[in-house]
Amino acid sequence: MNTRIISLGITVLLGSVAAFGQTTATASANATTAIYVPITVTKTADLSFGDVFAGSTSGTVTVDPAGAATATTGTGVSLGVHAAAPAAYTMTGKDSASFSLTLPANGSVSMTGPGPAIPLTAFTAAVGGGATTAGPTLTAALASGGTQTFKVGATMTIAASATQTQGSYTGSFNVTVTYN
Amino acid sequence: MFRTCGSLPVACLCAAGLASAPASAQASAQAFLVASANAAVTILSATAAAQTEDLGGDLGAANVEGEVVVDPAAREAPASARKSPLRPAAYSLAGRKGAAFALTLPGPGDCVLAGPLATIPITGFKVSVGGAAATATPGGLTLDPKGLKDFKVGASLQVAKGLPRSAYIGKFKVTMSFN
């Protein structure tokens, strides 16, 4: 029993000596982190379908974000004096960072007015003046300066003129950008 | 303890041990952003026509008799320079760009101005479309590239001799048909 107590005391003493032996040692380590710029997106123009004449049948009007001519379907559906235009946005964030752009899903947005609601479907986007890409989610990258622009178009479906009361119809929709 | 992230804000903040509730909320707010936009359209009727001026005016105290012609193509001029003190009726059309349309003017006997003691027949209706020369048989009409067109309608008033001074009123119809 006594022998065990003495052995323990020696062990402690040796440990203390060893600790005094390291008092001049220096250990260095690196600390690293990455600071990222928050992503921002600002709307600069609303989506406008302009003036549209309803036809004798139901039809559609499609606004192309890449600047192609506004397309119509349906008998007698035609465009009026005021031209259509896509929504436009500017973005800022990390240089060349990849991001996802999420557009509204079909059936989630409609414009309301004096007549039947006008649903918006087939949202598309053109990033940085590029080609039209279908939604609802697409991937793109910020430019080397950490900025980017994109435009958003969609298709609206109107009823025949006998049903689609003339007047102004409005709605709103969200687009979401997120870093990948 | 320190780690370098290959991905972006959310993952970095969590890996650095800053995943407390407020930090997580901030990270989420910086990871994505939602921008709202409005969508709008104006639905127009197939055509719209509006009368902007009545045919008529004041013959004044002049001893007018016989035929008084209201030229729809006459430009606006000071009253003293006008051959007739009466002005044509004016209309504005709106519709599809380039849409073809036809105009039908009243025929003989379709319109008579009535006063308390006498009447004034109106004949010889003519139209000037977009400032063109007056014609009784307009044809080949189309709306302009903006979907608009103005036209004026004149006629001849048959004023009898010794007509009592009074107001004489009547109505006529101009029919616009879009193809």
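In the predicted model, A:S48 stands opposite B:A40 in β1(B). This pair belongs to the junction of β2(A) and β1(B), two strands that run parallel and are joined by 5 bridges. On the other side of the pairing scheme, β13(A) and strand β1 of chain B, residues 32–44, associate in the antiparallel sense over 12 bridges. Within β1(B), residue B:T42 has A:S168 opposite. Strands of a sheet pair through backbone hydrogen bonds, either parallel or antiparallel. Both senses occur in the open sheet of 6 strands to which these elements belong, since its pairing is mixed and its order is β5(A)-β2(A)-β1(B)-β13(A)-β7(A)-β11(A). The sheet is bounded by β5 (78–79) and β11 (137–141) of chain A, edge strands that each pair on one side only.

The contact between the two chains draws on 48 residues of chain A and 27 residues of chain B. On the side of chain A that touches chain B, two or more residues are given by each of β1 (40–45), β2 (47–53), β6 (87–92), β9 (118–127), β12 (147–158) and β13 (167–179). The largest share of that side, 13 residues, is supplied by β13(A). Classified by residue type, the side of chain A that touches chain B comprises 25 nonpolar, 19 polar and 4 charged residues.

In soluble globular proteins, nonpolar side chains tend to be buried together. The largest nonpolar core of the model contains 42 residues, and those with the most contacts inside it are A:V52, A:V152, A:M156 and B:V41. Two or more residues are contributed to this core by β2, β6, β7 (98–102), β8 (109–111), β9, β12 and β13 of chain A, together with β1 of chain B. The largest share, 6 residues, comes from β9(A). When residues up to four places away in sequence are not counted, A:V52 touches A:V61, A:V77, A:L79, A:G80 and A:I158 of chain A, and also B:V41, B:I43 and B:L44 of chain B. A second, separate core of 21 residues includes B:V68, B:Y91, B:L143 and B:L157.

The residue B:L44 is found in strand β1 of chain B. B:L44 is classed as buried because 23 other C-beta atoms lie within 10 Å, where 20 or more are required. Leaving aside neighbours within four places in sequence, B:L44 is in contact with A:D51, A:V52, A:F53, A:G80 and A:Q166. B:L44 and B:R96 are 52 residues apart in sequence, and their C-alpha atoms are 9.3 Å apart in space.

A contrasting environment is seen at B:L117, a residue in the loop between β6 (111–114) and β7 (119–129) of chain B. B:L117 counts as exposed because it has 8 C-beta neighbours inside 10 Å, and the limit for this class is 12 or fewer. With residues up to four places away in sequence not counted, B:L117 touches B:P164 and B:S166. The C-alpha atoms of B:L117 and B:Y168 are separated by 9.6 Å, although these residues lie 51 residues apart along the chain.

A further open sheet, of 3 strands, is found in chain B, with antiparallel pairing in the order β8-β5-β10. Its edge strands are β8 (141–142) and β10 (175–178), each of which pairs on one side only. Strand β5 of chain B, residues 100–104, and β10(B) pair in the antiparallel sense over 4 bridges. B:T104 stands opposite B:T175 in β10(B).

As to the overall composition of the chains, chain A holds 1 helix and 13 strands. From the N terminus on, the helix of chain A is followed by the strands. Chain B has 2 helices and 10 strands, and its helices likewise precede its strands from the N terminus on. Buried residues account for 29% of the 180 residues in chain A and for 23% of the 179 residues in chain B. Among contacts in chain A between residues at least 6 apart in sequence, 73% join residues at least 24 apart. In chain B, residues 24 or more positions apart account for 75% of the contacts with a separation of 6 or more.

How values were computed:
Residues numbered from 1 in each chain as written. Chains lettered and ligands numbered in written order. Predicted model: local features only at pLDDT ≥ 70, side-chain atom pairs only at ≥ 80, totals over all residues. Contact = placed C-beta atoms within 7 Å. Nonpolar A, V, L, I, M, F, W, Y, C, P; charged D, E, K, R; others polar. Pairing = 2+ DSSP bridges. Core = buried A, V, L, I, M, F, W, Y, C linked by C-beta atoms within 7 Å.
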